[in-house]
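Reader: I would like to learn how empty space inside a protein is read from a model. Could you take me through one case?

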Amino acid sequence: MRWLPALLLMSLSCTTEEVETVDPYDVQVGPYNADVRWTAYGIPHILAEDYGSLGFGMGYAFAKDNVCVLADQVVKVRSERAKWFGPGPSDAHIDSDFGWLHLGVVAQAEEGFVALEPDLQDAIIGYAAGYNRYVEEVGVDNLPPACAGAEWFPELNHIDLLAYYLHLGQFASGYVFADLIGNAVPPDGRRAAAPPAERLDPILNPGLGSNGWAIGRDKSTGGKGMLLSNTHFPGQGERRWHESHLTIPGEINVYGASLMGVPVINIGFNENVAWTHTVSNTPRFVVHELALEEDNPTTYAYDGGTERMTPHHYIIDVKQDDGSVERVPRTLFTSRYGPVVNMPVVGWTPLNAFSYRDVNDNNTGLSQTWLKMNTATDLESFKAAHRDYQGIPWVHTLYADDQGNAFYTDSAATPNLSEAAEDAYETFLDEGVFASLFAGYGVFVVDGADPVNTWVEDPRSVLPGAIPFDDNPQLLRSDFVSNANENMWLANPLEPLEGYPLIYGDTGTRRTPRTKMNNRFLMESGADGASGADGTFTLDEVEAAALSARASVSEDLRDQVVTRCTGAAAVDLGAGPIDIAAACAVLASWDGRSGVDSRGAHLWREFMMAEVFDTEDLGDRGKLYGDSFDPKDPIYTPSTLAAAPSTGADPILVALAEAVTLLDEAGLELDARLGDVQVQIRGDEEIEVLGGQYAEGLISIGTYSGRGGNSTLLPAVSHNDSIHERTQLGPGGYVVNSGNSWVMAMEFTDEGPEARAVMTYSQSEDPESPHYADQSHLYATGAMRPILFTEADIAADPELVELTLTLE
């Protein structure tokens with residue numbers, strides 16, 4: 001079957017003399033036969049006899065819940081936004097289209113699909129067919145309001161999906177730079193203005209986070225492995241999770257959550273192994289500063305000579321105001337390293353340009369890695385999935401199994417820099433203006449003229465220029481490993497990981513309050529901890545910890561703040577004295593958590609995020625803390641409140657007065673229930689949400705990220721009337737659209753896996769679906785639901801709905 005006009009590729013056959021034409025679109029679609037069983041909360045359990053049918057059922061079930069999101073993203077990676085939506089604000093759609101064309105994800109998918117393993121090819125083809133089947137049954141006009149009747153709505157094919165996966169792999173690189181690649185043209189008077197530095201914020205603050213625990217036999221009451229998956233992904237857009245259960249008898253039986261449109265489980269468990277991921281900030285790309293030849297901005301210095309950039313000529317369709325379509329050309333450039341980018345702050349000048357190499361460029365191993373993880377039976381086969389495909393793009397991995405192993409690795413694709421390149425970078429950092437400027441944003445900038453910065457090609461690595469899996473940070477324990485988005489150093493504080501390449505980041509440096517809280521949960525026991533008096537965890541205790549809304553900063557400082565503010569005089573912020581006595585009393589009676597019934601959590605948040613404290617104050621000795629971080633005690637330092645100054649205003653009392661003022665402006669009572677002032681919006685409903693912000697030291701996150709992490713053009717919940725930008729406090733309280741997303745606690749038992757989960761924003765994005773807000777209400781109660789994994793449990797569910805899907 002041929003879904004689109006073929007783009008013929010030439011590929012070598014078994015002999016160099018013979019050449020055959022391969023049409024990547026000409027594939028067999030069907031026959032398929034899949035049983036989809038939906039249980040409570042709309043969870044699909046797909047049963048099939050082959051991978052094509054499994055994908056067919058999965059694609060159909062996904063479309064039923066999230067049809068519009070994937071359609072929007074396919075239009076993006078096809079470089080067709082300007083065709084359907086016009087130029088966009090400041091030509092944003094044009095720049096995006098040219099950027100993704102230049103990144104070449106569609107061309108790479110066309111070339112790379114035939115090299116995928118047959119089972120994965122079948123699953124992807126089936127997934128597209130299942131998605132299309134749902135759209136055909138319902139009709140485009142009857143889809144959810146976000147895309148109903150849309151002229152832009154595409155019919156999907158397997159190449160679209162693979163291109164989309166290649167784009168997912170660049171969340172930490174090309175995804176951030178796409179429009180800046182699309183408008184990077186030489187300085188001849190037509191170039192785009194240099195973007196602001198804030199365009200680099202998503203590198204270190206990608207709008208994604210997570211906590212992950214893998215608990216081994218020594219910390220598990222049952223003596224087998226346990227796992228906590230506590231992901232912090234946006235509740236809107238393409239980074240939402242979708243939950244499902246995939247079974248081919250005797251071949252695969254895996255349960256978990258997947259990113260939009262992906263035909264495998266990204267986070268979950270099977271009968272023997274379980275895993276989760278947390279976002280890794282290790283750089284996935286290196287920017288090369290190019291010194292340009294005078295009067296020739298497309299020629300740059302390299303190794304004592306010069307090289308010319310390669311021009312690439314593109315044409316896209318752009319919809320005009322009158323509905324007509326205009327063909328618009330643009331020429332973009334690559335250096336020996338990769339695309340030239342319109343670098344924030346600097347741009348492309350007559351003297352300098354910037355080009356980058358991305359280790360995840362054309363990384364077709366993503367889904368292949370996860371498919372092998374889905375079918376792994378033990379630690380060695382799980383490791384083999386990482387080693388053989390190196391498709392993990394930008395996340396740490398936490399693993400537990402039925403043998404009681406707890407394993408951590410940052411196996412995500414990482415540039416392999418030589419020791420000489422590391423030394424050269426540190427010199428360039430001291431001497432180069434741009435390297436030091438961008439280092440603060442987590443961007444490696446090196447001298448593009450120096451061949452020492454060429455990545456090492458290690459034969460053990462299947463991904464060109466990447467550090468081999470066996471050299472990635474790894475730790476195997478029988479007690480626990482964890483991660484909260486920082487580097488590998490404290491995967492287990494009892495065995496710190498050190499001595500890895502520079503690109504993995506510093507060790508022995510202060511950690512975030514959230515890293516501290518995760519490790520306190522795992523290391524403390526009895527009345528002060530999450531585990532029992534014997535130091536081991538039950539499944540109930542892991543679930544309770546995940547939703548407890550404890551926070552390390554309040555546990556360290558709240559009592560000290562109350563001591564300071566008790567009996568304190570009113571504070572003058574310049575507009576008259578502010579009485580802080582009532583606020584002090586609220587903090588004294590507050591339970592110290594950010595649960596929906598907690599009274600005073602919002603007051604504490606505004607206090608510690610007050611403008612009197614800068615970012616450094618929130619992490620080390622300064623106006624908030626009186627002690628410094630100690631690398632020998634990283635989980636409990638700093639933890640002492642700063643002393644009151646001998647003269648002048650006390651920053652602690654000023655912060656509390658600022659909080660009182662802000663909450664008064666927002667119309668909130670100081671002792672309001674958090675659930676009454678912090679909500680997520682699902683249609684016309686406002687549903688209370690537990691949790692707080694990263695700086696507070698919670699593992700239960702509830703925050704607002706604007707459209708961060710949501711590149712769709714679909715309608716989204718907005719909260720533009722912020723009173724306090726740091727906390728996103730607005731009139732009436734806080735709107736949450738990011739933070740805790742799919743949360744799962746599981747353990748292996750003698751009878752098999754037992755697990756519980758909650759999708760905080762619910763399974764479906766269709767406002768007419770009964771599963772649009774059902775789990776959101778469950779989450780508001782601070783509870784998870786049982787995961788149904790066995791055939792007996794599925795069959796016994798009173799809400800079971802069954803459908804057999806076929807395609808001849």
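Author: What follows is a short talk about cavities and one residue. This is a predicted model, in which local features need pLDDT of at least 70, side-chain atom pairs count only at pLDDT 80 or more, and totals for chains, interfaces and linings use all residues. Residues are numbered from 1 along each chain as its sequence is written, and side-chain values use heavy atoms, with hydrogens and water left out.

Reader: How many cavities of 30 Å³ or more are there?

Author: Rolling a probe the size of a water molecule over the atoms shows where empty space is left. On a 1 Å grid over the protein atoms alone, a cavity is a set of points where a 1.4 Å probe fits but cannot get out, and lining residues have an atom within 4 Å of a point. Grid points are joined across faces, edges and corners, and a volume is the space filled by probe spheres set on the points. By this rule there are five cavities of 30 Å³ or more, and the largest has a volume of about 190 Å³.

Reader: Which residues lie nearest the centre of the largest cavity?

Author: They are Leu259, Asn266, Trp370, Pro393 and Trp394, out of 19 lining residues.

Reader: What volume does the second largest cavity have?

Author: The second largest cavity holds about 140 Å³ of space, and among the 15 residues that line it, Ala172, Ile203, Ser280, Asn281 and Trp394 are the closest to its centre.

Reader: Is Ala178 buried or exposed?

Author: Ala178 is buried (under 20% relative accessible area, where exposed is over 50% and partly exposed in between, with a 1.4 Å probe and protein chains only), because its relative accessible area is 4%.

How values were computed
1 Å grid on protein atoms, 1.4 Å probe; cavity = no way out; pocket = protein on both sides within 12 Å on 5 of 7 lines; lining within 4 Å.
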